[in-house]
Structures are given as structure tokens and as C-alpha cells.
Amino acid sequence: MESKPFAVAIMGPTASGKTAAALEVAQHIPAEIISVDSALVYRDMTIGTAKPTPDERRMVPHHLIDLVDPSESYSVSRFREDVFRLVIEISQRGKLPLLVGGTMMYFKGLLAGLDDLPGADPAIRARIDEDAAREGWPALHQKLALLDPDTAARLKPNDSQRIQRALEIIEITGKPLSELHTGRKNTELPFVLLPVALEPSNRSMLHERIATRFDHMLENDRLIDEVRALRNREDLHLGLPSMRCVGYRQTWQYLDGEFDRKALREKGIAATRQLAKRQLTWLRAMPERRVVDCLSPDAAQEIITLVKKALAEHTGTKEK
């Protein structure tokens, strides 16, 4: 029987150096990068997503970047299908598929499978957005608490995306989301995956990286100008998944006059730190991952060593 393809996941919180590490790995092992980032799928969102540069993308082929317009959505199920296809195609080209990113919802859907949930209904979502604009998301969270208390209990009152999805599912199916989360389908991966996690040995140093990166985005108003152009489009609004991305929401609110530039910096950095905290919490609940200190100057080399050893074991050849 032909063995399954082999792939590597390079996971980690924001600002942990995932892209740089993946590019270094690809210099030693022929590889192609599959982005695991829910923000990189959107076109015209470059600064706030720290999208790989054109030079980096020429250096190593990248996939699942600039797939959809910010007015559109990209689901976990579509991501899963795209990854399955890409891993096979990249392997057939004789290269190593590198799954690189920090969107843990995507990794979870990939590794744990998906619940059999209905697709999005634009009309229902638009109506829920109208209710939220009129009443506020905390009010809709209270409504959800009456209809699906279990789901509401694990969501924050301002978690607009998940509140909207939970209410949408109730309207489509007549059943609460918590009742539909009864089992997963398609949990077996069609490839062997080595999960590597870039995690900080010192959380405060990661926070410094986050602040430095956000300051770089704000230099010469680069992020502000990017969001201003998006905000000037009549088809975009803060209720869309694209505009809920960290940095974009805060900059949009700044342009709406809700706070000044100093507060924009503070809120943007704070939101990014909260994102990193959630990412690390998810990673630490994954015992099978191989942990590499993202603050180590030898992080990329450690990953290369791990990958070469695992590849040798997978193929039954001696490690080079």
C-alpha cells in the first residue's frame, strides 16, 4: 500500500516568527507553504495581516493567500478541502507541504473534523446584522442565552461573529448549535502531519514583538490608509469577518472618531496580545505538538532537524 503524504504544520501565536521559520526550512528542504491564516485569504488586506512580501512569495510558492474579496467569506470546510487537495498536489511535485499560520479554528477543523452544520445564509446574516446595529451584540447575546444557553455561556457578549453564526443556525435548523455539536465527521487526515509549535519561553518578550510589529504597521499611516480605502467601499462594514480581523476593527473605529491615535495603538496592541493568549491556550491543549522556543536564535534550525528526522522515519530512509 502506498504510504500517505507527509506534511508539517508550523503553528504559533502572532509575531512568533512562523513565516520566517517556514522560509528558512524551505531553503533546506524543497517545500511549498500553505497559509493557515483566516486574514491572509482576503485581497487588499496586506499591511494589517503582515502578508508575506512579493519577494518571499517568489522565493517559496505560497497557497491560500488573496483568495477572496473582503466582502466575501471563506469557511473552515472550504479551507479543509483546499488543504487536502494542496497537500496531495505539492507532494506529487516532490516537495514538502508546510502548513503555516496561527488560525487555530482552521487547525481545529483540520485535525478534529467538522460538525455537519448548514452553510451560511446571507439574508439571515444581514437581518441579524441589522438587529445588532439597532440593539447591540450584548442584546443578541442575551437572546441567544434564551435559545441556546450552552453556546451563549462560552461566548463573550461582543463576540459578534460567533453569536451571529449561532443565531443563524437556530433560524435555519430550528435546533441550538450545542445540540448539533454532537459528533465530528471526516476526522481522519489523508496525510501524515508533524505538528510543530513556536511558543515563547518569555511571554513579555513576545508582547514586545507584538508592539514593535503594530508600530511598524502604523508607520507613515500605512495601516490607516489601507483601512481607509476599505472603509470607503460601500459594500464593507464592521459586521463582516474580514473587518473583524485584529487591527482592522480598531483602525476602522479610529477612523469613525471613536478614539484618538494613541488609543488606536493601545487598543490594537491589546487586541493582538489577547489573540496571542488564545492561540497559546489552544496550542497547550495539544499534547502531540513538538514545541520550539520562538525566541531562540536557533528556532528555524531546530525545526529543520525535527522535520528531517520525521521525514526519514516516514520514508524509512536514513537521515541526511
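**Exercise 1. Decide whether Tyr74 is buried or exposed in this predicted model, and then work out which ring cluster it belongs to.**

Step 1. The relative accessibility of Tyr74 is 8%, and since buried means under 20% relative accessible area, Tyr74 counts as buried.

Step 2. A search of the whole structure finds 4 aromatic pairs. In one of them, Tyr74 and Tyr106 have their ring centres 6.2 Å apart and their planes at 65 degrees, which makes the pair edge-to-face.

Step 3. Tyr74 belongs to the loop between strand S3 (62–63) and helix H3 (76–92), whereas Tyr106 belongs to helix H4 (residues 104–112), so this pair ties together parts of the chain that are 32 residues apart in sequence.

Step 4. Tyr106 is buried as well, because its relative accessible area is 2%. The ring of Tyr106 also pairs with that of Phe79: the centres are 4.4 Å apart and the planes stand at 20 degrees, so this pair is stacked.

Step 5. The pair of Phe79 and Tyr106 links distant parts of the chain, with Phe79 in helix H3 and Tyr106 in helix H4, 27 residues apart. Phe79 counts as buried because its relative accessibility is 0%.

Step 6. Taken together, the ring pairs link Tyr74, Phe79 and Tyr106 into a cluster.

**Exercise 2. Determine how many residues of strand S4 are buried, and which strands pair with S4.**

Step 1. Strand S4 spans residues 96–101, and 6 of its 6 residues are buried, which leaves the strand mostly covered.

Step 2. In a regular strand the side chains alternate between the two faces of the sheet. In S4, Leu96, Leu98 and Val100 point one way, while Pro97, Leu99 and Gly101 point the other way, and all are buried.

Step 3. S1 pairs with S4 in the parallel sense over 4 bridges, and here Val8 is the residue that stands opposite Leu98 in S4.

Step 4. Strand S2 (residues 31–35) also pairs with S4 in the parallel sense, over 5 bridges, and Glu32 stands opposite Pro97 in S4.

**Exercise 3. Find where Pro13 and Thr14 lie, and list the contacts of each beyond its neighbours within four places in sequence.**

Step 1. The unreviewed UniProt entry carries the annotation "binding site" for a set of residues that includes Pro13 and Thr14, together with others such as Gly12 and Lys18.

Step 2. Pro13 is found in the loop between strand S1 (6–11) and helix H1 (18–28), and Thr14 has its place in the loop between S1 and H1.

Step 3. Pro13 counts as buried because its relative accessibility is 0%, and Thr14 is buried with a relative accessible area of 8%.

Step 4. Leaving aside neighbours within four places in sequence, Pro13 is in contact with Lys18, Leu198, Pro200, Leu206, Ala276, Gln279, Leu280 and Leu283. With such neighbours again left aside, the contacts of Thr14 are Leu206, Ile210, Arg213, Thr272, Leu275, Ala276 and Gln279.

Step 5. Reading the two lists side by side, one finds Leu206, Ala276 and Gln279 in contact with Pro13 and also with Thr14.

**Exercise 4. Establish how many disulfides there are, and whether Cys245 is buried or exposed.**

Step 1. A disulfide needs a pair of cysteine sulfur atoms within 2.5 Å, and by this rule the count comes to 0 disulfides.

Step 2. Cys245 is buried, with a relative accessible area of 12%, and Cys294 is buried too, with a relative accessible area of 4%.

Conventions:
Residues numbered from 1 in each chain as written. Predicted model: local features only at pLDDT ≥ 70, side-chain atom pairs only at ≥ 80, totals over all residues. Heavy atoms only, no water. UniProt positions renumbered as here; feature names shortened; annotations may be inferred. Helix = DSSP H or I, 4+ residues; strand = E, 2+ residues; numbered from the N terminus. Buried < 20%, exposed > 50% of the residue type's maximum accessible area, 1.4 Å probe, protein only. Contact = heavy atoms within 4.5 Å. Phe/Tyr/Trp six-rings, centres within 6.5 Å; stacked < 30°, edge-to-face > 60°. Pairing = 2+ DSSP bridges.
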